[in-house]
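Hi,

Here is the structure I promised to hand over, with the sequence alongside. Have a look at it first, and my notes follow below.

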2 protein chains.
Amino acid sequence: MTRLPGKTVERLSEYRRTLLECLIEKKSFIFSHDLAARLHITAVQVRRDLMLIGYSSVLRKGYDVRELIDTIGKIIDSEESMNVAVIGIGNLGRAVAGYFKGKRSKLSLVASFDNDPQKVNKVISGVKCYPYSEIERVVKELDIKIAILTVPPDFAREISEETVRFGIKGILNFTTIPLNVPSGVHLEEYDMITSIEKVAYFVKDNKI
Amino acid sequence: MTRLPGKTVERLSEYRRTLLECLIEKKSFIFSHDLAARLHITAVQVRRDLMLIGYSSVLRKGYDVRELIDTIGKIIDSEESMNVAVIGIGNLGRAVAGYFKGKRSKLSLVASFDNDPQKVNKVISGVKCYPYSEIERVVKELDIKIAILTVPPDFAREISEETVRFGIKGILNFTTIPLNVPSGVHLEEYDMITSIEKVAYFVKDNKI
DNA sequence: TGAGGGATGTTAATAATTTAACAATAAATC
DNA sequence: GATTTATTGTTAAATTATTAACATCCCTCA
């Protein structure tokens, strides 16, 4: 499978979650326009994305929900479970950790890190919290591949460099500090403040 | 000023924050390539964005940091302060609220909402928490224009419709439920799970 | 059995975004 | 003072992403 556009990967993730809801509704087949409507995108978009992953519908019945879930899984999931750590277990860190709780998927949250003595060596949001000094040992021993960075801005750069040195292959950076990582490591950044200011821009003077 | 591309607006927000750091460093002028490097983008990108907002450098000295901060402010900020509410004051809501604390900007967090009796009518992360039943009154009385949605998924649709009915003009949706809003209301959505799964996709088989 | 319809897969067109190219400018250097 | 150098603003090109167009399929119903 050739490398998919990032935007398509994002939508595949959303398709899968929508399809899982369909399963709950006992819906076995779904048309492109129905799936599209649930996500507020166009049916063409859906069909084009599914074309890219080579999935075909059952004619006149739409897409087989269960089969499509599996197909998307084969594309975006790793074979084996991939281990994730949340670094910085403040409000945002706990929120992120919460998303993993009770979900069984190919992504397992296996550790968190923080230096707050109130948190260290306790189980928080379902996962043990280690001090930053143990990042090297824990990342290596637990074979952690992805780090979600929710630390205060001042630590962001240092911690990201460390984790990369210890074998992390993907970082999701929620701090306001832009990071850079060596090639071979995937970096995804999200900045809430930017999003908020963007909304404000479009609201002001009703630029819509 | 004609409507700017969304991506440019996002970067303007980032430029401004980077420039504020420059001020702290007592840096009065900055070259496009320096600003670009700090954000890990290209100098052309910076120059093009600034062209769009019609800001010119002082020749051979680069951009006047303070002046550019003001210029960006004039573009992306509203004249008067704009009021914001966080709806759902769980971990994520508190994290978002935290970003506003102590910052003086044209965006003011003036209320939060939640139904948890432990939270209602208390001040949390610097802002009073009201029960959902008071959304109408509070949104109108405090003239709240932007809602940041951090409620559990089941409430998302209902609450978003309410807030719009009561006068909200912009929504930043952090729930996993895709919303739709009438035209005239700006919607910005961010889905953490999608980001995490995207990182995992690019990490697996090292698709980088 | 064949015409009509509804949905798909795919190619082509359009739109949005980023990157490149380069002339213009003035400070620095000789 | 001429020449080199560094940086900008802007137009043009390339890339990426979305939307439209349409032939195709086969089910339905006459």
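Let me start with one side chain: Tyr132(A) counts as buried because its relative accessibility is 10% (buried means under 20% relative accessible area, exposed over 50% and partly exposed in between, with a 1.4 Å probe and protein chains only).

Some ground rules: this is a predicted model, in which local features need pLDDT of at least 70 and side-chain atom pairs count only at pLDDT 80 or more, while totals for chains, interfaces and linings use all residues. Residues are numbered from 1 along each chain as its sequence is written, chains are lettered from A and ligands numbered from 1 in the order in which they are written, and side-chain values use heavy atoms, with hydrogens and water left out.

**Aromatic pairs**

Phe155(A) comes out as partly exposed, because its relative accessibility is 37%. Over all chains, the structure holds 13 aromatic pairs (rings of Phe, Tyr and Trp, the last by its six-membered ring, with centres within 6.5 Å; planes under 30 degrees apart are stacked, over 60 edge-to-face and the rest tilted). One of them joins Tyr132(A) and Phe155(A) edge-to-face, 6.0 Å centre to centre and with 80 degrees between the planes. This pair links distant parts of the chain, 23 residues apart: Tyr132(A) sits in the loop between β6 (127-130) and α6 (135-141) of chain A, and Phe155(A) in helix α7 (residues 153-165) of chain A. Helices (H or I, at least four residues) and strands (E, at least two) are DSSP runs, numbered from the N terminus.

In chain B, Tyr132(B) and Phe155(B) also pair edge-to-face, with 6.0 Å between centres and 80 degrees between planes. Tyr132(B) is in the loop between β6 (127-130) and α6 (135-141) of chain B and Phe155(B) is in helix α7 (residues 153-165) of chain B, so their pair ties together parts 23 residues apart in sequence. Tyr132(B) counts as buried, at 10% relative accessibility, whereas Phe155(B) is partly exposed, with a relative accessible area of 36%.

Ring pairs also join Phe174(A), Tyr190(A), Phe174(B) and Tyr190(B) into a cluster.

**Around DNA strand C**

DNA strand C is surrounded by 21 residues, and the closest are Ser32(A), Ser56(A), Ser57(A), Tyr63(A) and Arg11(B) (near means that a heavy atom of the residue lies within 4 Å). Sugar or phosphate holds 64% of the strand C atoms within 4 Å of the protein, and the rest belong to bases.

A few polar contacts stand out (pairs of N or O atoms within 3.5 Å; within protein, one must be able to donate a hydrogen and the other to accept it, and residues adjacent in sequence count only if both atoms are side-chain atoms). A side-chain N or O atom of Arg47(A) is 2.9 Å from a base oxygen of DNA strand C. Phosphate oxygens of this strand lie 2.7 Å from a backbone N or O atom of Ser57(A) and 2.8 Å from a polar side-chain atom of Tyr63(A).

Which element gives the most to the surface near DNA strand C? It is α3(B), with four residues. This surface divides into seven nonpolar, six polar and eight charged residues (Ala, Val, Leu, Ile, Met, Phe, Trp, Tyr, Cys and Pro are nonpolar, Asp, Glu, Lys and Arg charged, and the others, Gly among them, polar).

**Around DNA strand D**

Of the 20 residues around DNA strand D, the nearest are Ser32(B), Arg47(B), Ser57(B), Arg60(B) and Tyr63(B). Sugar and phosphate make up 58% of the strand D atoms that come within 4 Å of the protein. Side-chain N or O atoms reach phosphate oxygens of DNA strand D at 2.4 Å from Ser32(B), 3.0 Å from Arg11(A) and 3.5 Å from Ser56(B). Here α3(A) supplies the largest share of the nearby surface, four residues. The surface near DNA strand D has seven nonpolar, six polar and seven charged residues.

**Glu197(B) and chain A**

Glu197(B) belongs to helix α8 (residues 192-203) of chain B and counts as buried, because its relative accessibility is 12%. Leaving aside residues up to four places away in sequence, Glu197(B) touches Ser13(A), Arg16(A), Ile76(A) and Leu107(A) (contact means heavy atoms within 4.5 Å).

Chain A itself has eight helices and nine strands, and 54% of its 208 residues count as buried.

Happy browsing!
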